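Please find below a note on the model that follows. The points concern helix geometry, salt bridges, surface charge and backbone conformation.

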Amino acid sequence: MAHLQSQQRNMWLELREPIYNIVKHPDLGLDPKRYMTIYTHVYNHCTTKTTTHSNNSASVQGKELYDNLQQLLQGFMQELLDQANTKLDIDLLIFYMTQWTKFTEASKFLDHLFHYLNRHWVKRRIDDNQEGVYRIHTMCLVTWKAHLFQTISATLTKAVLKQIETERDGESVDRSMLKQILGSYVALDLPATDAAPGVPNDPSMLRDSNVYREVFENQFFDETRVYYKAESAKFLAENSVTEYMKKAEKRLDEEVERVKMYLHESTLASLLTLCEGHLIFDHEDTLKEEFGNLLATDRNEDMERMYKLVARKPDRLDTLRTKLEIHVRQVGLEAVAAVLAGGSANGAAAAGAGGDDDEADGGAAAGAGSGVLEPKVYVDALLSVHAKYHKLVETAFQGDPGFAQSLDKACREFINRNAVCEKNPKRSPELLARYCDVLLRKSAKNPEEAELEALLTSIMTVFKYIDDKDVFQRYYSTALSGRLVRGTSASMDAEETMINKLKEACGFEYTQKLQRMFTDMGLSKDINSDFQKKMAASATGASDDLVDFYVMVLTDVAWPFGQQPTEFRLPQELERTFQKFTDFYQSKHSGRKLTWQFNHSRGEVKAVFPKSKVPYQLSVHMYQMGILLQYNSGDVYTLQELLDSTGLNLEYLKGHLSTLCKAKILLCEPAGKQPGEPNTRYVFNADYKNKKTRLNLNVKIKAEEKSETDDTNKHIEEDRKLLIQAAIVRVMKTRKALKHPLLIQEVIDQLKSRFKPNVSDIKKMIDLLIEKEYIERVEGEKDTYSYIA
């Protein structure tokens with residue numbers, strides 16, 4: 001045994017100096033010969049047989065070698081500690097970084113040189129749960145931590161924190177040095193797999209420790225908290241909110257960069273939470289107060305910056321969303337008020353500048369300018385507000401759903417409840433439908449196909465905010481029927497595109513009647529073709545006095561035509577043709593009844609004036625045709641005679657006489673009298689001359705416009721009553737029995753996509769359905785209804 005110990009001692013004496021040199025100067029490296037010499041000594045030391053194990057070739061020695069190496073490292077650590085104690089601040093950091101770099105390199109060398117010891121003796125001791133035994137590389141780190149780091153860690157961490165503060169103050173620091181130093185903190189969180197699972201003498205050296213967090217990170221957070229709390233208060237007191245936001249944004253970016261450059265990645269989340277708290281949310285109220293000013297001055301870039309800052313805690317955005325909603329609503333209301341004021345002023349100016357027009361088109365121009373709000377101007381005002389703030393939401397607020405919802409609420413409010421809607425809540429959907437009519441009706445200013453598609457899409461933007469979609473539907477169907485009947489649609493493809501958009505937004509039922517109109521137009525072509533063929537086959541020659549005639553046979557339930565606003569006596573010249581078609585149609589469809597809608601009919605009249613060399617082609621309303629054809633039998637008629645011969649009421653006769661007199665086709669006598677006044681006569685103007693030979697006299701009169709509006713509103717109210725009744729029956733059929741408040745709410749929920757029913761209207765329909773015995777009140781429970789099967 002004594003011989004063995006002497007042999008091992010001698011081996012260590014040979015190993016000690018080269019190993020010490022490796023630890024102190026790892027950068028010098030080892031040549032292959034020297035490496036093999038040391039490795040062989042380690043192998044021989046581990047495989048030297050003891051007398052008690054002379055027959056056991058597997059016996060491995062190693063404790064003396066392991067202990068000697070550990071003592072050598074501890075001595076070296078003392079040398080480094082003595083040097084470190086003489087240094088402060090940056091000098092200490094440079095020294096520590098240099099020695100740590102060398103030592104980690106040396107520990108890798110030693111781990112390779114003592115590989116045999118690791119594989120056999122160390123492994124067995126770890127497997128046997130022997131405390132305080134580690135792989136050679138880990139033992140080096142444990143020794144560094146226990147005999148050097150723990151002694152200087154407080155001074156070292158203070159120096160690191162001072163460097164970070166220096167960098168925050170704008171000066172440059174050696175980031176790579178800080179990265180290596182803090183990397184050593186992380187490396188000293190030693191993994192448990194390198195040690196025996198038993199509890200060591202010094203628990204701070206082993207698993208479950210967190211050197212980086214306990215020695216550095218906690219102090220770093222404390223210093224950060226103090227630094228930013230003071231800086232933010234001082235900067236905000238001396239600068240504007242917008243400048244402060246730029247500063248806060250820059251600081252947060254700097255902290256993220258700091259983590260990337262030399263802090264551990266686990267620091268990021270906690271560091272950002274701390275910085276956000278002091279840089280943003282300590283001053284949250286001040287920032288949010290400024291938001292209104294940013295909106296008012298269109299500071300989009302600053303609003304985006306504020307959003308990004310506050311959005312770091314999404315639950316703190318509600319105040320900004322509310323402010324956006326209030327602002328957009330106010331801007332929308334002001335835009336509508338400005339349009340309304342401008343329309344009234346322009347109308348007054350136009351009324352004062354009116355003049356005569358040979359073609360009687362002046363009536364239409366006056367109607368458009370006499371204080372009437374132009375649909376295009378109104379809708380463009382709504383769209384401009386929406387487009388501006390939609391872009392703001394998409395860019396500055398990054399499409400945030402909460403801000404988008406605030407925009408939707410604001411738009412719905414100012415579109416449905418503004419100055420234009422004060423007297424008539426249905427005006428917004430009406431004007432939107434009229435704007436559709438302007439776009440889809442033939443005119444000299446029809447947009448190109450791509451532009452029209454974009455305009456229809458923009459209309460749908462406003463449409464989605466309309467509360468009373470049933471009002472839009474009614475006005476749209478009225479305008480569509482007018483375009484189809486008069487043949488004034490600019491493009492059937494565009495008509496179909498718009499209906500498809502409405503169907504996509506509201507479903508098939510919403511557009512069912514609109515689509516039926518197009519079906520009727522196609523069927524009418526076939527009917528007219530068959531009629532013309534039959535008339536051609538039965539023609540007897542020149543004596544057959546049928547006029548050129550085209551009939552549109554339309555389904556009553558699909559078209560928004562009400563009753564005739566006035567009686568009308570068909571002129572004798574047309575009676576035979578009308579009767580022929582009636583007989584033809586009823587022969588093909590027995591049991592069907594034709595109701596002639598003369599108020600929607602038009603035609604062309606050939607007019608010959610004695611002083612004119614050429615005949616004129618007059619496009620006229622059917623009522624105007626009835627008036628003009630009277631002059632085939634005479635040149636002068638009194639007002640009463642025309643009332644008797646045409647069957648028109650005074651209001652409609654007066655309106656169409658005004659158009660004919662304004663066009664100077666007829667002359668009103670005596671001079672100075674207005675058409676429609678008592679004791680007036682209407683003389684055929686034999687001296688009429690005009691450069692144009694085709695004249696359009698078919699313009700709407702005031703009586704027609706009033707009748708159309710009244711009929712539309714009447715139908716809207718009737719339709720709503722039916723829809724409310726249907727909703728009540730659906731709910732009660734499903735629920736069987738239901739209390740009054742719940743029934744009211746469910747009916748509102750069912751109908752809110754079409755319109756918002758008044759509670760009073762729902763109550764009236766409930767009473768009506770009780771009378772009709774669809775539902776009944778439950779006996780003993782006044783507020784409960786039951787369904788009657």
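**Notes on the predicted model**

1. Helix H26 has 34 residues, which at 1.5 Å a residue should span 50 Å; the end C-alpha atoms of H26 are 49 Å apart, in agreement with that value. The expected span is 1.5 Å times one less than the number of residues in the helix. Helices (H or I, at least four residues) and strands (E, at least two) are DSSP runs, numbered from the N terminus. H26 is followed by Lys736, which has a positive phi near 70°.

2. As to conventions, this is a predicted model, in which local features need pLDDT of at least 70 and side-chain atom pairs count only at pLDDT 80 or more, whereas totals for chains, interfaces and linings use all residues. Residues are numbered from 1 along each chain as its sequence is written, and side-chain values use heavy atoms, with hydrogens and water left out.

3. How many salt bridges does a search of the whole structure find? The search finds 51, a salt bridge being a side-chain nitrogen of Lys or Arg within 4 Å of a carboxyl oxygen of Asp or Glu. In general, side chains of opposite charge can pair when their charged atoms come close.

4. One of these pairs lies within a single helix: the side chains of Asp67 and Lys63 form a salt bridge with an N to O distance of 2.7 Å. Asp67 and Lys63 are separated by about one helical turn, because they are four residues apart in helix H3 (residues 63-84). An α-helix has 3.6 residues a turn, so residues three or four places apart point the same way. Asp67 is partly exposed at 24% relative accessibility, and Lys63 is partly exposed at 45%. Here buried means under 20% relative accessible area, exposed means over 50%, and partly exposed lies in between (1.4 Å probe, protein chains only).

5. A second pair joins two helices. Arg251 and Glu231 meet through their side chains in a salt bridge of 2.5 Å, N to O. Arg251 belongs to helix H9 (residues 241-261) and Glu231 to helix H8 (residues 211-238), so the pair ties together parts 20 residues apart in sequence. Arg251 is buried, with a relative accessible area of 5%, and Glu231 is buried as well, at 17%.

6. A third pair involves strands: the side chains of Glu604 and Arg694 form a salt bridge at 3.2 Å, N to O. This pair links distant parts of the chain, with Glu604 in strand E1 (residues 602-607) and Arg694 in strand E6 (residues 694-696), 90 residues apart. Glu604 is partly exposed, at 45% relative accessibility, whereas Arg694 is exposed, at 53%.

7. Salt bridges also form a network, which links Glu167, Arg168, Arg175, Glu255, Glu257 and Arg258.

8. Which residues form a negative surface patch? The patch consists of Glu448, Glu449, Glu451, Asp493 and Glu496. Helix H18 (449-463) and helix H20 (492-506) are the elements that each give two or more residues to the patch. Glu496 lies in helix H20 and is partly exposed, with a relative accessible area of 48%. Patch residues have over 30% relative accessible area and no salt bridge; like charges are joined within 9 Å, and nonpolar side chains (Val, Leu, Ile, Met, Phe, Trp, Tyr) within 5 Å.

9. Several backbone features merit inspection. Most residues other than glycine have a negative phi, and most peptide bonds are trans. In this model, a cis peptide bond with omega of about -5° joins Glu669 and Pro670. Pro670 is in the loop between strand E4 (666-669) and strand E5 (681-684).

10. Positive phi values occur at residues other than glycine. Lys736, with phi of about 70°, is in the loop between helix H26 (702-735) and strand E7 (737-739). Glu773 has a positive phi near 65° and lies in the loop between helix H28 (759-771) and strand E8 (775-777). Glu773 is exposed, at 60% relative accessibility.

11. Asp298, just after helix H11, takes a positive phi of about 55°. In H11 (residues 284-296), the buried residues are Glu284, Leu287, Lys288, Phe291, Leu294 and Leu295.

12. Finally, Lys409 in helix H16 (residues 401-416) is partly exposed, at 43% relative accessibility. Lys409 and Glu325 are 84 residues apart in sequence, and their C-alpha atoms are 6.8 Å apart in space.

Technical notes. Accessible areas come from the Shrake-Rupley method with a 1.4 Å probe; for residues, only the protein chains shown count as cover. Lys and Arg count as positive and Asp and Glu as negative; His and the chain ends are not counted. The place of a charge is taken as NZ of Lys, CZ of Arg, CG of Asp or CD of Glu.
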